[in-house]
Amino acid sequence: MIAADGWGAELQGDSVGGIRRMRAGLDISAAPNEESAFPRLELALSLAARKDSRADGIRWLRYGFEALPLYKPLTLLALGHAYEAAGQRDSAAVAYSRFLRLWDKADPDMQGRVKEAKAALQEVTGERTDSR
């Protein structure tokens with residue numbers, strides 16, 4: 001509940017206080033598991049979006065969801081964006097490519113994410129991606 005309160009604070013514009021509350025709430029939980037995955041993902045995304053905490057957010061996105069395969073594609077897409085914001089174009093390209101390998105044949109409802117990743121990959125590499 002504390003982590004959810006922090007997320008709410010962030011949604012209301014208090015990113016510093018919201019991140020602090022999310023961290024506090026997640027520190028109380030026994031261990032990272034499926035039940036805490038969504039708040040942990042929101043924390044990772046929040047950290048990655050801020051220049052002053054981006055490196056920490058990237059660590060969370062890279063290593064915080066290894067045992068949760070349902071979250072892996074979304075963390076790869078978020079990693080691509082975070083690396084791109086950090087100016088690490090090669091790492092962004094790797095993350096976007098890995099995402100596309102996993103979601104290339106996604107359902108039509110998810111094709112927006114695929115198009116987003118293809119466009120981002122093209123942007124960071126300066127090359128056209130195939131338009132499957």
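The following exercises, each with a worked solution, concern a predicted model of a protein chain.

**Exercise 1.** Determine how many helices and strands the protein chain has, and in what order its elements run.

*Solution.* Begin with the count: the secondary structure comprises 7 helices and 0 strands. Next, follow the elements from the N terminus, which gives the order α-α-α-α-α-α-α.

**Exercise 2.** Decide how the radius of gyration of the protein chain compares with the value from the globule rule.

*Solution.* First, take the radius of gyration, which is 15 Å. Second, take the value that the globule rule gives for 132 residues, namely 14 Å. The two values are close, so the chain is as compact as a globular protein of that length. The extent of the C-alpha trace may be added: along the principal axes it spans about 45 × 30 × 25 Å.

**Exercise 3.** Describe the burial, the contacts and the exposed surface of the protein chain.

*Solution.* Start with burial: of the 132 residues, 40% are buried. Then consider contacts between residues at least 6 apart in sequence; 41% of these join residues at least 24 apart. Finally, turn to the surface: the chain exposes about 8,000 Å², and carbon and sulfur atoms supply 53% of that area.

**Exercise 4.** State how many positive and negative side chains the protein chain has, and how far apart the centres of the two sets lie.

*Solution.* The count gives 19 positive and 19 negative side chains. The centre of the positive set and that of the negative set lie 4 Å apart.

**Exercise 5.** Classify the aromatic pair of tryptophan 7 and phenylalanine 38, and locate both residues in the chain.

*Solution.* A search of the whole structure finds 3 aromatic pairs. In the pair considered here, the ring centres of tryptophan 7 and phenylalanine 38 are 5.2 Å apart, and the planes meet at 80 degrees. An angle over 60 degrees counts as edge-to-face, so this pair is edge-to-face. Tryptophan 7 belongs to helix α1 (residues 2-11) and phenylalanine 38 to helix α3 (residues 37-49). With these positions 31 residues apart, the pair links distant parts of the chain. As to accessibility, tryptophan 7 has a relative accessible area of 29% and is partly exposed; phenylalanine 38, at 38%, is also partly exposed.

**Exercise 6.** Classify the aromatic pair of phenylalanine 65 and tyrosine 71, and decide whether each residue is buried or exposed.

*Solution.* The centres lie 5.9 Å apart and the angle between the planes is 25 degrees. Planes under 30 degrees apart count as stacked, and this pair is accordingly stacked. For burial, the cut-off is under 20% relative accessible area. Phenylalanine 65 has 1%, so it is buried. Tyrosine 71 has 15%, so it is buried as well.

Terms used: Residues numbered from 1 in each chain as written. Predicted model: local features only at pLDDT ≥ 70, side-chain atom pairs only at ≥ 80, totals over all residues. Heavy atoms only, no water. Helix = DSSP H or I, 4+ residues; strand = E, 2+ residues; numbered from the N terminus. Rg over C-alpha atoms; globule rule 2.2 N^0.38 Å. Buried < 20%, exposed > 50% of the residue type's maximum accessible area, 1.4 Å probe, protein only. Contact = heavy atoms within 4.5 Å. Areas by Shrake-Rupley, 256 points an atom, 1.4 Å probe, with all protein chains shown as cover. Lys, Arg positive; Asp, Glu negative; His and termini not counted. Charge placed at Lys NZ, Arg CZ, Asp CG, Glu CD. Phe/Tyr/Trp six-rings, centres within 6.5 Å; stacked < 30°, edge-to-face > 60°.
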